[in-house]
Amino acid sequence: MRISRIFHALLIGGGLARRRFVVIGNLASRRANSSRAICRPGRRARTRISASVRAVMAGDGVADSRILREALAEHDLRISHSTALELVAKQLGHADWNVLAAQIGPDSSNIQQDAESAASHGKVPEGWFVSGRSDLFRHDLLPDAGPDRKPALLIESRAPQERVSVAKAGEFLTVMQRISAVPYRGKSVSFRAQISCVSAIGNGRIWIHARGQSRDALAFENLGLNRGPAGPITGTTGWTHRTVTIEVPDEAVYVGFGILFGSGTGVFRAANLSFGLAEGDERPSPLPDTPRNLDLVLAD
């Protein structure tokens, strides 16, 4: 795998490209006696680059590492936060992140702690990836935490155990995957899961969407229109079955689906996931034909 390809995605995702330094090199093919000459910038350049890395990563290291990893995910490359840090160090000509961190200064210790935290709380099943506020939520794969001791995905708030702010409305973390929409065009598909919450002020849900060539959402469902026994869950619950269904338009390019927790604190788990053509009474949520409650009357 070309390091230039990986780091190009890192630059685009993290905004480092705007700092006007060029990354070259190929870890797979470069020779030991020339790697330092090819990849190691001069002293003045290293000073500027280190300052750029510090400015981008030290201030909000977790959030920026999330941006970097999401940029790689868009290129079908999945790496951990700690791996991203090692790539930065290698590309700048250092043996590893610890060496680069020593040059950057004391602020980098927080970034290293974030990397260690991500490594211990960041298992993701093969084929899935994480998107959203990993600075506010942690995720994990628990081998026997689901019904009948089956695997379960975990999303939980970092607050109040960690010194981070509580997630506001609209701030979330999702564990998701994408597949080609081609086999499902013109058909209704469903994503199903059993979900549960513990001491949740926020809410947990599942979701599914279909997007076109320009990434515009062509169809979307996330339980958001369902208020009641079929909607998002909160508080403390047992295992609860939820289904989301969409009709995949003919112009759809891919289908995405996943689990999501946000807008507060608590623990959310999902297990017994399944995806396929809609079955039985599974169908997209109907929308009202006319506007409702323009007088803003409160529900009883």
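**Rings, core and charges**

Student: How many aromatic pairs does the count come to?

Tutor: The rule takes the rings of Phe, Tyr and Trp (its six-membered ring) and pairs them if their centres lie within 6.5 Å. You're looking at a predicted model, where local features need pLDDT of at least 70, side-chain atom pairs count only at pLDDT 80 or more, and totals for chains, interfaces and linings use all residues. Residues are numbered from 1 along each chain as its sequence is written, and side-chain values use heavy atoms, with hydrogens and water left out. By the ring rule, the aromatic pairs come to six.

Student: Which kind of pair do the rings of Trp128 and Phe257 make?

Tutor: Planes under 30 degrees apart count as stacked, over 60 as edge-to-face and the rest as tilted. Here the ring centres are 6.0 Å apart and the planes sit at 85°, so the pair is edge-to-face.

Student: How many residues apart in sequence are the parts that Trp128 and Phe257 tie together?

Tutor: Helices (H or I, at least four residues) and strands (E, at least two) are DSSP runs, numbered from the N terminus. Trp128 lies in the loop between α7 (108–120) and β1 (129–132), while Phe257 is in strand β10, so the parts that get tied together are apart in sequence by 129 residues.

Student: Is Phe257 buried or exposed?

Tutor: Buried means under 20% relative accessible area and exposed over 50%, with partly exposed in between (1.4 Å probe, protein chains only). Phe257 has 4% relative accessibility, so Phe257 counts as buried.

Student: And which kind of pair do the rings of Phe261 and Phe268 form?

Tutor: Their centres are 5.9 Å apart. Their planes are at just 10°, so the pair is stacked.

Student: Which element gives the most residues to the largest nonpolar core?

Tutor: A nonpolar core is a set of buried Ala, Val, Leu, Ile, Met, Phe, Trp, Tyr and Cys residues joined through side-chain atoms within 4.5 Å. The largest one has 31 residues, and Phe191, Ile206, Ile208, Val248 and Ile259 have the most contacts inside it. Elements giving two or more residues include β3 (152–157), β5 (188–198) and β10 (254–262). With five residues, the top giver is β5.

Student: How far apart are the C-alpha atoms of Val244 and Ala278?

Tutor: Val244 has its place in strand β9, and at 1% relative accessibility Val244 is buried. Among the residues in contact with Val244 (heavy atoms within 4.5 Å), leaving out those up to four places away in sequence, are Phe191, Ile206 and Ile208. Val244 and Ala278 are 34 residues apart along the chain, and their C-alpha atoms are separated by 9.4 Å.

Student: How many residues apart in sequence are the parts that Glu282 and Arg192 tie together?

Tutor: A salt bridge is a side-chain nitrogen of Lys or Arg within 4 Å of a carboxyl oxygen of Asp or Glu, and this structure holds eight. Glu282 forms one with Arg192, with the closest N and O atoms 2.8 Å apart. Glu282 lies in the segment after β11 and Arg192 in strand β5, so the parts tied together are apart in sequence by 90 residues.

Student: Which residues are joined into one network by salt bridges that share partners?

Tutor: One salt bridge to look at has the side chains of Glu162 and Arg158 meeting at 3.3 Å, N to O. Arg158 is buried at 10% relative accessibility, while Glu162 is partly exposed at 26%. Salt bridges that share partners make one network out of Arg138, Glu156, Arg158 and Glu162.
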